[in-house]
Amino acid sequence: MKILVIGSGGREHAVIRKLSENKTIEKIYAAPGNGGISALAECVSIKATDIPAMVEFAVEKGIDLTVVTPDDPLVLGMADAMEAAGIRAFGPRKNAAIIEGSKAFAKDLMKKYGIPTARYETFDDCEKAVDYVRRQDCYPTVVKADGLALGKGVIIAEDFDAAEKAIRSMMEEGVFGKSGSRVVIEEFLTGKEVSVLAFTDSHTVKPMVSSMDHKRALDGDRGLNTGGMGTIAPSPYYTPELAQRCMEEIFLPTVEAMNREGRPFKGCLYFGLILTEEGPKVIEYNCRFGDPETQVVLPLLETDLLTVMEAVCGEKLAELEIRWKKGAAACVVMASGGYPQKYTTGFPISGLDEKGDAPGVMVYHAGTKKEGGRYLTAGGRVLGVTAVEPTLKEAVESAYLGVRTISFQSAHYRTDIGQK
């Protein structure tokens, strides 16, 4: 088996580390990969969204399976292009990846098929959007860029001025490019947020262990929204009763809705949920593994990941029992100072061994490069330090012990992951 994993972050590192446990895999390529990934796979400098170059490389190397993990190549049709070239791809086709590629599509899908979510309206006209917020006069309110925005296209506005600023920055100033030319404005829901990633072959849904992301940059859930500053798994709030309710009211109805729309979804479908007093509701869908949720979920997977992916591709997921380890996992993200705004990179990272790991933890590289045998910072989120232990408390403690052995200039991380 030769496998190509597309992407360059901590999520891809987690996927590659789990795949590398399968000894039938002869070779793993990562495109473009990163410093830490290079210890497990051969990194190839092809941009994740360069579909023609990626397909040409996969054909040339005789790749048996391509794992497309980031959102943008999926939304652009990477899985379609691979399949057209005769190469199996784990990840949804373009017409199914729209469930993340357009928030307006996702909201309309939920409304049409009765899947619980927040009330919303969609706008292509800036003045109409501003007028709607003014007339609603209900805060906080949520302003979302319709398209992909690196996980940062959601602004929770506490008053009218903040809402207007968010709308105009997206629609007039183009802060998120074309992604913000249309906006979704929705009611603010209160409750505990839970992430559930699920394997699906468009017929069967097999949820993974639940997790909880920490999006805000600073302790106490303060500061700007980021791509994620840390995660825990499983979520202590996600009970077996809630899991059953989500399966019946959200997971299966979503997959069936996509089938009815002629958009069968095969791959990893991410459900961003909020547990409200009225019951669980969908905040968002992602068409791929979450980041940094993958860094706590896959370490708990007992079943071979390649076997699961092949069952998804072959639409045989119903025949497979997926087993999970007991215990809990915690991941603390070490970021560059200033993230998610301006930051400087290129600093040496101390505390890592030659494979990019540290004692007692799994270190997933998100933004690193390797030069002259040293690991250097090369992104906003640099490392995800993950520990697996019998209890959540122990996992959090072990993760922070690992964090304290690693350092680089201006390193920034939250000190309260999992505390609440």
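In the predicted model, Cys43 touches Ala30, Pro32, Gly33, Asn34, Ile37 and Ser38 when residues up to four places away in sequence are not counted. Cys43 has its place in strand S3, which comprises residues 42–43, and its relative accessible area of 31% classes this residue as partly exposed, because the partly exposed class lies between the limits of under 20% for buried and over 50% for exposed. A further relation links Cys43 with Ile6, the two being 37 residues apart in sequence and 10.0 Å apart in space, C-alpha to C-alpha.

Lys18, placed in helix H1 (residues 10–19), has a relative accessibility of 6% and therefore counts as buried, the class being set at under 20%. With neighbours within four places in sequence left aside, the residues in contact with Lys18 are Leu298, Pro299, Leu301, Leu305 and Lys325. For one of these partners, Pro299, the separation from Lys18 amounts to 281 residues in sequence, whereas the C-alpha to C-alpha distance in space is 7.4 Å.

Asp357 is found in the loop that runs between strand S18 (328–336) and strand S19 (362–365), and with a relative accessible area of 18% this residue is likewise assigned to the buried class, since that value falls under the 20% limit. The side chain of Asp357 takes part in a polar contact of 3.0 Å with the side chain of Arg17, and the Asp357 side chain also reaches the backbone nitrogen of Val363 at 3.1 Å. Both Arg17 and Val363 appear among the residues in contact with Asp357 once neighbours within four places in sequence are left aside, the others being Gly351, Leu352 and Met362.

Turning to helix packing, two packed helices are described by the angle between their axes and the distance between the axes. Helix H7 (residues 126–136) packs with helix H8 (residues 160–171) at an angle of about 165°, their axes being 10 Å apart, which means that H7 is roughly antiparallel to H8, as angles over 145 degrees are so classed. The crossing of these two helices, H7 and H8, is right-handed. On the H7 side, the residues that meet H8 are Cys126, Glu127, Ala129, Val130, Val133 and Arg134, and their counterparts in H8 are Phe160, Ala163, Glu164, Ile167, Arg168 and Met171. Divided by class, the residues of the contact of H7 with H8 comprise eight nonpolar, no polar and four charged.

Arg168, which lies in helix H8, is buried with a relative accessible area of 19%, a value under the 20% limit of that class. A polar contact of 2.9 Å joins the side chain of Arg168 to that of Glu127. When residues up to four places away in sequence are not counted, Arg168 touches Glu127 together with Cys126, Val130 and Glu173.

A second helix pair is formed by H6 (residues 103–113) and H9 (residues 240–260), which pack at an angle of about 100° with their axes 10 Å apart. This angle makes H6 roughly perpendicular to H9, because the range from 65 to 115 degrees is assigned to that description. The contact is made by Phe105, Leu109 and Tyr113 of H6 and by Ala257, Met258 and Arg260 of H9, and by class the contact of H6 with H9 has five nonpolar residues, no polar ones and one charged residue.

Key. Residues numbered from 1 in each chain as written. Predicted model: local features only at pLDDT ≥ 70, side-chain atom pairs only at ≥ 80, totals over all residues. Heavy atoms only, no water. Helix = DSSP H or I, 4+ residues; strand = E, 2+ residues; numbered from the N terminus. Buried < 20%, exposed > 50% of the residue type's maximum accessible area, 1.4 Å probe, protein only. Polar contact = N/O pair within 3.5 Å; in protein donor to acceptor, adjacent residues only side chain to side chain. Contact = heavy atoms within 4.5 Å. Axes fitted to C-alpha atoms, helices over the stretch in contact; angles between N-to-C directions. Parallel < 35°, antiparallel > 145°, perpendicular 65-115°, else oblique. Nonpolar A, V, L, I, M, F, W, Y, C, P; charged D, E, K, R; others polar. Left-handed = near helix turned anticlockwise from the far one by under 90°.
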